[in-house]
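Visitor: I'd like a close look at a single part of this model, with the contacts and numbers that go with it. Could you put it up and walk me through it?

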Amino acid sequence: MTFTPKTPAFEKAIKDSRNLKAKPDNDELLQLYSLFKQGCQDPPFADAPKPGMFDLTGKAKYNEWKKVADEGMTHQQAQEKYVKLVNSLKEKYGFEG
């Protein structure tokens with residue numbers, strides 16, 4: 001397995017996302033998930049197991065990540081977008097940090 005380095009800004013955004021004053025909506029959570037998974041590449045999308053037939057949440061997460069992977073987004077691009085998204089969520093929901 002290949003190690004994907006995380007930038008300091010990405011690491012900070014991961015921590016900051018856990019300290020929002022309110023929970024983001026489901027679409028925002030799916031965006032966070034897909035960008036996080038693509039940014040970490042652990043496991044790479046091609047190696048990720050598909051969710052079971054009755055795992056609706058898992059399917060939604062998998063499909064959102066698939067969109068990002070199908071766009072050809074690199075892990076660096078995903079990390080940058082994740083940081084931007086977290087910063088916009090901090091403005092929208094407030095931040096305890």
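Let's take α4: what covers the buried residues of α4?

Guide: Among what covers them are α1 (8-17) and α2 (26-40). Bear in mind that this is a predicted model.

Start with the helix itself. α4 runs over residues 75-93, 19 residues in total. From first C-alpha to last it reaches 26 Å, close to the 27 Å expected at 1.5 Å a residue. After α4 comes Gly-94, with a positive phi near 85 degrees.

Now for the buried side. The buried residues of α4 are Ala-78, Gln-79, Tyr-82, Val-83, Leu-85, Val-86, Leu-89, Lys-90 and Tyr-93. An α-helix has 3.6 residues a turn, so residues three or four places apart point the same way. Keep that in mind when you read down the list of buried positions.

Many of the names there lead on to the nonpolar core. The largest nonpolar core has 16 residues, and those with the most contacts inside it are Phe-10, Leu-32, Leu-35, Tyr-82 and Leu-89. At least two residues of this core come from each of α1, α2 and α4. The largest share, seven residues, is supplied by α4. In soluble globular proteins, nonpolar side chains tend to be buried together.

For a view from one partner, pick Leu-35. Leaving out residues up to four places away in sequence, Leu-35 touches Met-73, Ala-78, Lys-81, Tyr-82 and Leu-85. Ala-78, Tyr-82 and Leu-85 are also on the list of buried residues of α4.

Then there's the charged part of the story. The side chains of Lys-90 and Asp-16 meet in a salt bridge, at 2.9 Å from N to O. This pair links distant parts of the chain, with Asp-16 in helix α1 and Lys-90 in helix α4, 74 residues apart. Both Asp-16 and Lys-90 are buried. Lys-12 joins in too: Lys-12, Asp-16 and Lys-90 are linked in a network of salt bridges.

Next, swing over to Gln-76, which also sits in helix α4. Gln-76 counts as partly exposed because its relative accessibility is 43%. Its side chain makes a polar contact with the side chain of Thr-74, at 3.3 Å. The C-alpha atoms of Gln-76 and Asp-16 are separated by 19 Å, with their positions 60 residues apart along the chain.

To set the α4 salt bridge in context, the structure holds five salt bridges. Two of the others are worth a glance, both with partners inside helix α3. One joins the side chains of Lys-67 and Glu-64, at 3.5 Å from N to O; these two lie three residues apart in α3, about one turn of the helix. Glu-64 counts as buried because its relative accessibility is 18%, under the 20% cut-off. Neighbours within four places in sequence aside, Glu-64 is in contact with Leu-30, Gln-31 and Ser-34.

The other joins Asp-70 to Lys-66, with the closest N and O atoms 2.8 Å apart. Asp-70 and Lys-66 are four residues apart in α3, again about one turn of the helix. Here Asp-70 is exposed, with a relative accessible area of 54%, while Lys-66 counts as partly exposed at 34%.

Definitions and conventions: Residues are numbered from 1 along each chain as its sequence is written. This is a predicted model: local features need pLDDT of at least 70, side-chain atom pairs count only at pLDDT 80 or more; totals for chains, interfaces and linings use all residues. Side-chain values use heavy atoms; hydrogens and water are left out. The expected span of a helix is 1.5 Å times one less than its number of residues. Buried means under 20% relative accessible area, exposed over 50%, partly exposed in between (1.4 Å probe, protein chains only). Contact means heavy atoms within 4.5 Å. A polar contact is a pair of N or O atoms within 3.5 Å; within protein, one must be able to donate a hydrogen and the other to accept it, and residues adjacent in sequence count only if both atoms are side-chain atoms. A nonpolar core is a set of buried Ala, Val, Leu, Ile, Met, Phe, Trp, Tyr and Cys residues joined through side-chain atoms within 4.5 Å. A salt bridge is a side-chain nitrogen of Lys or Arg within 4 Å of a carboxyl oxygen of Asp or Glu.
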